[in-house]
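This report goes through one structure by topic. Please have the sequence and the coordinates at hand while reading.

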Amino acid sequence: MKTELYVHASEGSVFYFRRRISVSVRYPREGASVVVSYTAELPPFLDVFAIRSRHSSYNISNVIMTVDAHTSVSGINIKSSQNRLLIKNGRVVNDDGMEEADVYVEDGIIKQMGRNLIIPGGTRVIDATGKLVMPGGIDPHTHLDLEMMGAKTADDFYTGTKAAVAGGTTTIIDFVLPQRGQSLIEAYSNWREKADNKVCCDYALHMGVTWWSPSVEREMEQLCGEEYGINSFKMFMAYKDAWMLDDYHLYLAMETCKRLGALPQVHAENGDIIARNVEKLLAAGKTDPEGHELSRDEEVEAEAVNRACVIANQANAPLYIVHVMSREALRALDFARARQRQPVYAETLAATVGTDGSHCRNACFRHAAGHVMSPPLRSDPNTPQAMVDALANDCLQLVGSDHCTFHEKDKALGQGDFTKIPNGVNGVEERMAILWQRGVNTGALDPCRFVAATSACAARVFALWPRKGRVAVGSDADLVVWDPRLQRTVSAANHHHALDFNIFEGQSVVGSPQYVIVNGRVCLDDGDLRVAEGYGKFLKTPVFSPYVYGGEAPMPQTPEPYPSSPMPESPSRVTNGTPTNELNIVSKQMAGTALSSGCSTPTGRKMREPGQRDLQNSTFSLSKEMEGADTKTSVRVRNPPGGKSSGLW
Ligand code: URP
Ligand code: ZN
Ligand code: ZN
C-alpha cells in the first residue's frame, strides 16, 4: 500500500528513512500546474535522501512523497536552527596541542571555541565528555570510480565517501588517472563529473602524469590555474607499458612541478625490474598471488625511493612519496633525506599499518588476491610496527588508505596469472581506527601525532590548511568526536563500502568516531550514519603551498563576535555553563604534559631537529580524564621506547 506524505521542505532539506524504500518525490511548482517527478531507489537502512541543488530552479515550498504506508520519515531542514551546533566538554586535539574547549559551529564554520561560550538558543548540543574533538580526517590517497587493469573499482564517489565519513574522514583526495595519450584536462572533467553529484564529503584531486608530451606540460600548467585547482601530480615508476614514466620524463615532470609550484608525487617501484621478474616467475610456473610480492621485493621499492629522491634533488623539487610499504624503503628514505635540498614527504597506508603480506599466501585465491596491491603488503611481520615507529620519528608523515576496491569477479581475472589481479585494497573507512589501534593504543603515537598523520599534515602539504585539518575558529566544521574507548570489530558485515571483503576482517579496535560532522552537518550521529549524496564540494588546491614552498599559511578568518543583543531568530540566549570540577581537575593534571604543549608537527624535511620534542620519549597519557567514566574497554599503554608507562585509560 502507498501513501502520500506532505512534508514541508526547501532546498537542502534532508530526509531520513528507517528502511529501504522506493520513493517518488514531486516538486509542485508554485502557481503552475507543472509537477516535477523524481524517483529514487534509496540506499539501505538509515540512509539519506537529500534534495539537491539541481532542483533549485523550482520554487520549492512543499515536497510530496509517495512512500510505503508504514515508512517512517523525518525531515530536517539543514538551513534552520540545525545548522547550529555546540560540542561541549570535549578535549580538542590539534597537531600542535590539546586543550579543553567547547566548539560552537554555525553555517558549517567553527565560530567560537572555549568554555562559557554565549550561544544562541535552540542550538543542538553534543556532550563530548571523555571524548576527543579532532579535525575530520583527510585521506590523501583514494581511487574511487577508477578503471584499471581491465576492471572498475567497486566503490564510486558515493559509496567511497560514505564509508570515509563512517570512519571519521571528512575530506578525500582522489587521483585523476588519464589513459596514455588522453588529455589531462579531459580526464579531469571526467573525474569531476563522476564525483561532484556523488560525494558525501569534500574532495580534492591529484593529477596523474601517466605519459609525457609538450601538451602534457601545457595542461599541467593550466590545471594549476584558478579554474582547475590542482597542486599535485603523481608519476608512476612502475606499471610499465601502462602509466610508467622513464627517468628522463620523470625528471621533466618534476621540473615542471617545481616551476609551477606544484608537488610531485611518485609511486616508487622499479617497473623494469618487475617486468623481468614477472617473465621469470611465470616461466617457472609461479602464477598464484604469492608471485606478486616475489616479483617486486623490498629492494625493488627501496631502489625507486632512492632514485626518486635523486631526481627530485637534481630538479631541486620537493617530493611526496605515496604508499611507502617496506622497511627497506624506510631506510632508503632516511638515507636520501639527509642530503635532500627540498622537503620530502612520505605517506604510508592503513593497510601496511594494519595487516601484512602473509595473506597473499593464503590457499584461498579470493582471500590472497583480495590482499594484492602495489607496492605489495610485505611478508616481513615486523613491517606494521616499523611503519608506526616511522610515523613517530617523522620518517613518515601521513597515512592514506589507497582505497581501491575490486569485486571478487574482478580479482578473479588473475586466476592462473597473478599479473592480471587488479591491484588494490580497502581502507578509507578503517584508516583512522586502525592507526589509533596500532599507534595510539600501543603508546607509540600521541593524539596530536595521530591528528598530524590523519589530517593536519595532508591539509598543510596540499594547501588546505587551516581551513581543513584544524579545529580553530574560522576553520570548516569538519569534526570528529572520537570515543577512545569504543570497542568494535572491523568486518565486511558492518562496513559501509561496496565490497563484501575487508583486509582487516575480525580485527578488534578500541577507539572510533561517535559523531562525524561534515561542514557543520552531523553525518555520523552517535553511530547512526546519515550522509547525503552530493553534499560534498570540490576543493581547489592552490599552488605554492606555504608548507612545502615556504612562506606563511593564512590563518583562519576570525568571525565577527556575537552581538550582545539577542539575535532575531533566537529569542532566548543560553550559555553552555561553567566547567565542571572534573574538568578543572583534568586541566590541572594535564598541565605540563600534553595540554597545549609541544606536540609534534611533522616537518617532512629531515629527521627531528635537535631540541625538538621526541615523541618516543613522550609521557603522554589520556588516563586522567577517563577515570571514573563508564569504561567500555581498558587499554594498557605500552611503555614507549625510552619513555614511561602511562597506565590504564
Ligand atoms: O595497488 C594499488 N596501489 N592500486 C592503486 C593504484 C596505485 O598504484 O596507487
Ligand atoms: Zn601507486
Ligand atoms: Zn593509489
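The sections below describe metal sites, a cavity, nonpolar cores and some backbone features of a predicted model.

## Zinc ion (ligand 3)

The zinc ion (ligand 3) has donors from H141 (NE2), H143 (NE2) and D402 (OD), at 2.0 to 2.1 Å. Along the chain these donor residues follow the pattern H-x1-H-x258-D. The angles among the four donor atoms of the zinc ion (ligand 3) run from 86 to 135°, and the site is tetrahedral. For comparison, the ideal angle for four tetrahedral donors is 109.5 degrees.

Are the two histidines of this site buried or exposed? H141 has a relative accessible area of 0% and is therefore buried. H143 has a relative accessible area of 6%, so H143 is buried too. The cut-off that applies here is 20%: a residue under this value counts as buried.

## Zinc ion (ligand 2)

A second metal site holds the zinc ion (ligand 2), coordinated by K234 (NZ), H267 (ND1) and H323 (NE2). The distances at this site are 2.1 to 2.3 Å. In sequence the donors of the zinc ion (ligand 2) are spaced K-x32-H-x55-H. How far apart are the zinc ion (ligand 2) and the zinc ion (ligand 3)? The separation between the zinc ion (ligand 2) and the zinc ion (ligand 3) is 3.9 Å.

K234 belongs to strand β21 (residues 232-236), whereas H323 sits in the loop between β23 (319-321) and α8 (327-337). Because of these positions, the pair K234 and H323 ties together parts that are 89 residues apart in sequence. K234 counts as buried because its relative accessibility is 2%. H323 is likewise buried, at 2% relative accessibility.

## Cavities

How many cavities of 30 Å³ or more does the structure hold? There are six cavities that reach this volume. The largest cavity has a volume of about 120 Å³.

This largest cavity is lined by 17 residues. Those nearest its centre are H143, M148, Y239, S374 and D402. Of these, H143 and D402 also serve as donors to the zinc ion (ligand 3), and S374 takes part in a cis peptide bond.

## Nonpolar cores

The largest nonpolar core has 140 residues. Which of its members touch the most other members? They are F233 and I321. Helix α14 (residues 447-461) gives the largest share of this core, nine residues. Apart from it lies another core of 17 residues, which includes L85, I87, I110 and V481.

Beyond its neighbours within four places in sequence, F233 is in contact with M207, V209, M220, L223, C224, C257, A262, L263, P264 and Q265.

## M235 in strand β21

M235 is placed in strand β21, the strand that also holds the zinc donor K234. With a relative accessibility of 0%, M235 counts as buried. Leaving out residues up to four places away in sequence, M235 touches V209, L245, L250, A253, M254, C257, P264, Q265, V266 and H267. One of these, H267, is a donor to the zinc ion (ligand 2). Several of the residues touched by M235, including V209, C257, P264 and Q265, are also contacts of F233.

M235 also lies 6.1 Å from G208, C-alpha to C-alpha, although M235 and G208 are 27 residues apart in sequence.

## Cis peptide bonds

Two cis peptide bonds are described here. S374 and P375 are joined by a cis peptide bond with omega about -15°. P375 lies in the loop between α10 (365-370) and α11 (383-392). From W465 to P466 the peptide bond is cis as well, with omega near 5°. The loop that contains P466 runs between α14 and β26 (479-489).

## Positive phi values

D394, a residue other than glycine, has a positive phi, near 75°. Its place is the loop between α11 and β25 (398-400). D394 is buried, at 2% relative accessibility.

N519 is not a glycine either, and its phi is positive at about 45°. N519 is found in the loop between β27 (508-518) and β28 (521-525). With a relative accessible area of 13%, N519 is buried.

Conventions: Residues numbered from 1 in each chain as written. Chains lettered and ligands numbered in written order. Predicted model: local features only at pLDDT ≥ 70, side-chain atom pairs only at ≥ 80, totals over all residues. Heavy atoms only, no water. Core = buried A, V, L, I, M, F, W, Y, C linked by side-chain atoms within 4.5 Å. Buried < 20%, exposed > 50% of the residue type's maximum accessible area, 1.4 Å probe, protein only. Helix = DSSP H or I, 4+ residues; strand = E, 2+ residues; numbered from the N terminus. Contact = heavy atoms within 4.5 Å. Donors = N, O, S within 2.8 Å, 3.2 Å for Na, K, Ca; no water. Tetrahedral: all angles 85-135°; square planar, octahedral: opposite > 155°, others 65-115°. 1 Å grid on protein atoms, 1.4 Å probe; cavity = no way out; pocket = protein on both sides within 12 Å on 5 of 7 lines; lining within 4 Å. Points joined across faces, edges and corners; volume = space filled by probe spheres on them.
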